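Work through the exercises below with the sequence and the structure side by side, and try each task before reading its solution.

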Amino acid sequence: MARKIIDMHQHLGSEADFEPLTTAYAETDIVKVVLLGIQCRRWPGNNELVLSAAQRVPELYVPFVGFDLDACGVDDLVRYRDDGFRGVKFIGPDQPYNHPDYMPVYEKACELGLPVLFHLGIVANKPSWSDVNSNNMRPIYLDHIARGLPELTVIGAHLGNPWYEEATMGCRWNANLFYDLSGSTLKKKGPQFLGDLLWWSPESKPYTSPDGTCAWEKIIFGSDVAPALVADVISDYERLMDGLDLSPKLREDVWYGTGARILGLGEG
Ligand SMILES: [Zn+2]
């Protein structure tokens with residue numbers, strides 16, 4: 001059986017990128033792609049572009065709305081859901097992610113059954129991001145959010161780069177917290193480093209996670225790169241999982257199974 005992959009972290013920068021991106025995915029094992037919109041304040045028109053792409057190729061693209069935690073509220077979230085968005089992306093807040101002002105939005109996402117993906121850690125220093133305080137996006141805040149809302153599915157991007165220790169301990173203790181490894185992490189860190197951080201399994205008694213899972217059941221595939229580089233990220237994940245000698249079952253979880261459960265796709 002051919003391998004299936006879900007890419008849980010991708011962007012669409014412009015309409016001109018739509019065809020190259022869609023064509024590039026057709027040449028890989030990737031069968032679903034989460035397109036993460038960026039809020040209007042940072043990237044005008046991007047949410048509309050992402051939704052349009054998902055409407056044109058619904059069998060491939062899953063649209064997540066870029067949500068402005070400092071300008072929008074629960075009514076906006078309901079409207080986005082009604083528009084067709086299937087999840088939520090957060091980045092660049094003015095306050096730490098676990099600020100009480102933001103909690104009603106997370107509670108509403110939970111009620112609506114929308115998974116939420118947080119950019120974590122440092123962010124690229126580009127002109128429209130020059131005011132961003134990366135400290136507001138520390139992974140430890142997701143521990144607070146995930147434990148307060150155990151029914152909410154929470155995804156942290158980039159394994160919290162560079163705050164890996166916070167990220168990994170957070171998902172050990174919260175069954176509803178997951179991470180992708182997109183970004184520069186797999187270029188600078190090898191299997192030993194990541195294996196040391198993602199170490200627990202049902203056999204590691206009494207130091208197991210409360211839900212009895214392996215650490216690698218909390219890791220999902222995400223690329224976050226231009227079309228021509230997606231295959232390179234797949235190779236990086238392969239090299240990592242080969243280096244750790246992960247079981248076929250855990251590899252399938254990383255490539256597809258865990259993402260499918262998050263998106264409600266079933267085992268397929
Ligand atoms: Zn991204």
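**Exercise 1: a bent helix**

In this predicted model, helix α10 has a kink of about 60°, centred on valine 254. Task: state how long α10 is, which of its residues are buried, and what covers them.

Solution. Begin with the extent of the helix: α10 covers residues 248-263, which makes 16 residues. From its first C-alpha to its last it reaches 21 Å, close to the 22 Å expected at 1.5 Å a residue.

Next, turn to burial. The buried residues of α10 are Leu250, Asp253, Val254, Trp255, Tyr256, Gly257, Thr258, Gly259, Ala260 and Ile262, and Val254, on which the kink is centred, is thus listed among them. The elements that cover these buried residues include the strands β1 (5-10), β7 (177-180) and β8 (219-220), together with helix α9 (230-243).

Finally, look at where the helix ends: just after α10, glycine 264 takes a positive phi of about 70°.

**Exercise 2: the order of the sheet**

Task: give the strand order of the open sheet, and say which strands stand at its edges.

Solution. The sheet has eight strands in the order β1-β2-β3-β4-β5-β6-β7-β8, with parallel pairing. Strands β1 and β8 stand at the edges, and because each has a single partner strand, one side of each is left without a neighbour in the sheet.

Now follow the pairing from the β1 edge. β1 and β2 run parallel and are joined by four bridges, with aspartate 7 standing opposite valine 33 in β2. Four bridges also join β2 to β3, again in the parallel sense; here valine 34 has valine 62 of β3 as its bridge partner, while leucine 35 has proline 63 of β3. Strand β3 (residues 61-66) then pairs in parallel with β4 (residues 87-90) over three bridges, where phenylalanine 64 stands opposite glycine 87 and valine 65 stands opposite valine 88.

The connections complete the picture. The chain crosses from β3 through α3 to β4, and this β-α-β crossover is right-handed. Right-handed β-α-β units are also made by β1, helix α1 (residues 18-26) and β2, and by β2, α2 and β3.

**Exercise 3: how enclosed is β3?**

Task: decide whether β3 is enclosed or open, considering each of its faces in turn.

Solution. Count the buried residues before anything else: six of the six residues of β3 are buried, so the strand is largely enclosed by the rest of the structure. As a general point, side chains in a regular strand alternate between the two faces of the sheet. On one side of β3 are Tyr61, Pro63 and Val65, on the other are Val62, Phe64 and Gly66, and all of these are buried, which leaves both faces covered. The neighbouring β2 is mostly covered as well, with six of its seven residues buried.

**Exercise 4: a residue of α3**

Task: classify valine 78 as buried, partly exposed or exposed.

Solution. Valine 78 is found in helix α3, which comprises residues 74-83. A residue needs 20 or more neighbours to count as buried, and 12 or fewer to count as exposed. Because valine 78 has 13 C-beta neighbours inside 10 Å, it counts as partly exposed. As a last step, valine 78 and leucine 112 can be located together: they are 34 residues apart in sequence and 8.0 Å apart in space, C-alpha to C-alpha.

Note on methods
Residues are numbered from 1 along each chain as its sequence is written. This is a predicted model: local features need pLDDT of at least 70, side-chain atom pairs count only at pLDDT 80 or more; totals for chains, interfaces and linings use all residues. Helices (H or I, at least four residues) and strands (E, at least two) are DSSP runs, numbered from the N terminus. The expected span of a helix is 1.5 Å times one less than its number of residues. The bend at a residue is the angle between axes fitted to the seven residues ending there and the seven starting there. Two residues are in contact if their C-beta atoms, placed from the backbone, lie within 7 Å. Two strands pair if DSSP finds at least two bridges between them. A crossover is right-handed if, with the strands pointing away from the viewer, the path from the first strand over the helix to the second runs clockwise.
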